[in-house]
Amino acid sequence: MAVNFLTNENIWFDKYKYDDAEVQYHRHLHGSVPTNTPVENTARDSPAVQSAIQGADNELCSRVTSLEKENQNLHKEVEELRLTLSKLELRLSTMEKSLTSAKPLVPAPTQPSKLPHPALLSQPSTKQPEEDDDDLDLFGSSDEEESAESERVREERLRQYAEKKSKKPTLIAKSSILLDVKPWDDETDMAKLEECVRTVQMDGLVWGASKLVPVGYGIRKLQIQCVVEDDKVGTDQLEEQIIQFEDYVQSVDVAAFNKV
C-alpha cells in the first residue's frame, strides 16, 4: 500500500539531470554560469565550468583589447588627416598671396645704336701696347708698318663715312598756299585771268587745282592752289608777279598757308 502511495505522489527523482542541463544552457548562452541559483554554487567548482568561465573571460579581454587598438589607430589616422589638411590650407593661402602680389615684368627699353662721331674715328687709340723685351725690334720696321696700316684704315673709314653722309637726302621745307585773285568787275575774262596767273613760273613753284568762287553782284574770284619750296619762293614774290597783270587782276590775297 505504501508503494502504491509513492507511485501516486509527484516526486522529481531525476532533478539533477535538469539542473545540469540548465547549467549547460546558461554557459552556452552567456559564456558564464549565473550566480543566483544554488545549483550554480555546486556546479562552479567543477573543472568544466571553471574552464568555460576562463575561456569566456579570455575572449572578452581579447575583444576589448582589439577594440582599443582599433580606436587608437582611428585616432592616429584622424590626426594625420587633420595635419595634412592644415598643410594644404597653408599652401593654398601662400599661392593666393603670391598670385595677387605678382606684377608683370616690363622689358627695359633698348638703346638705339649710334654711329661713331668722325672726331672719335680720327683720334688715335690712347691704349699703350705692352712692351715685350723678348720681341724688341731694334730697327723699328714693324712699328712703322703697323702705323701706316692703321693710318690707311682710319682714312678709309673716314672716306666711307663722308660718302654715306653726302648721299643722305636732306629734308626740303615746303608750304601749300591758297591764293585769292580778284578781278576788276564781272566783265573780266576769268579764263584769261587764270591763264595769266599760271604763266608765272619759278624754281620751286608748282601750281595746283583752281576754282571760281562767287563774290557778289555777278563777280567771281579765282581761288588757286600752289606748292612752293620755302627757301626758293615767298608769298611776296608770288603777289608781285601776279599783280603785274593789271588788265585782269585787281588784288591778290593769301587765303590759306600750311606747311607740307
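Which residue of β3 is the bridge partner of L205? Select L205 and V228 together: V228 is that partner. Keep in mind that this is a predicted model.

**The whole chain.** Zoom out and colour by secondary structure. The protein chain holds 8 helices and 4 strands. Follow the sequence and the order reads α-α-α-α-α-α-β-α-β-β-α-β. Now switch on the surface. About 21,900 Å² is exposed, with carbon and sulfur atoms supplying 55% of that area. Of the 260 residues, 15% count as buried. Turn to contacts with a sequence separation of 6 or more: residues 24 or more positions apart make up 63% of them.

**The hairpin.** Select 205-216 for β2 and 219-229 for β3. These strands pair in the antiparallel sense, over 9 bridges. Move to the turn, where 2 residues lie between the strands. Pick Y217 there and check its backbone: phi is positive, near 60°.

**The largest nonpolar core.** This core has 18 residues. Show L179, V197, L205, W207, L238 and I242 as sticks; these touch the most other members. Next, highlight the elements around them. At least two core residues come from each of β1 (174-183), α7 (190-198), β2, β3, α8 (235-243) and β4 (249-259). The top contributor is β3, with 4 residues.

**Last stop: I242.** Centre on I242 and leave out residues up to four places away in sequence. What does I242 touch? Select L179, V181, V197, V200, W207, V249 and V252 to see its contacts. Among them, L179, V197 and W207 are already on screen as sticks from the core.

Technical notes:
Residues numbered from 1 in each chain as written. Predicted model: local features only at pLDDT ≥ 70, side-chain atom pairs only at ≥ 80, totals over all residues. Heavy atoms only, no water. Buried < 20%, exposed > 50% of the residue type's maximum accessible area, 1.4 Å probe, protein only. Contact = heavy atoms within 4.5 Å. Areas by Shrake-Rupley, 256 points an atom, 1.4 Å probe, with all protein chains shown as cover. Core = buried A, V, L, I, M, F, W, Y, C linked by side-chain atoms within 4.5 Å. Pairing = 2+ DSSP bridges.
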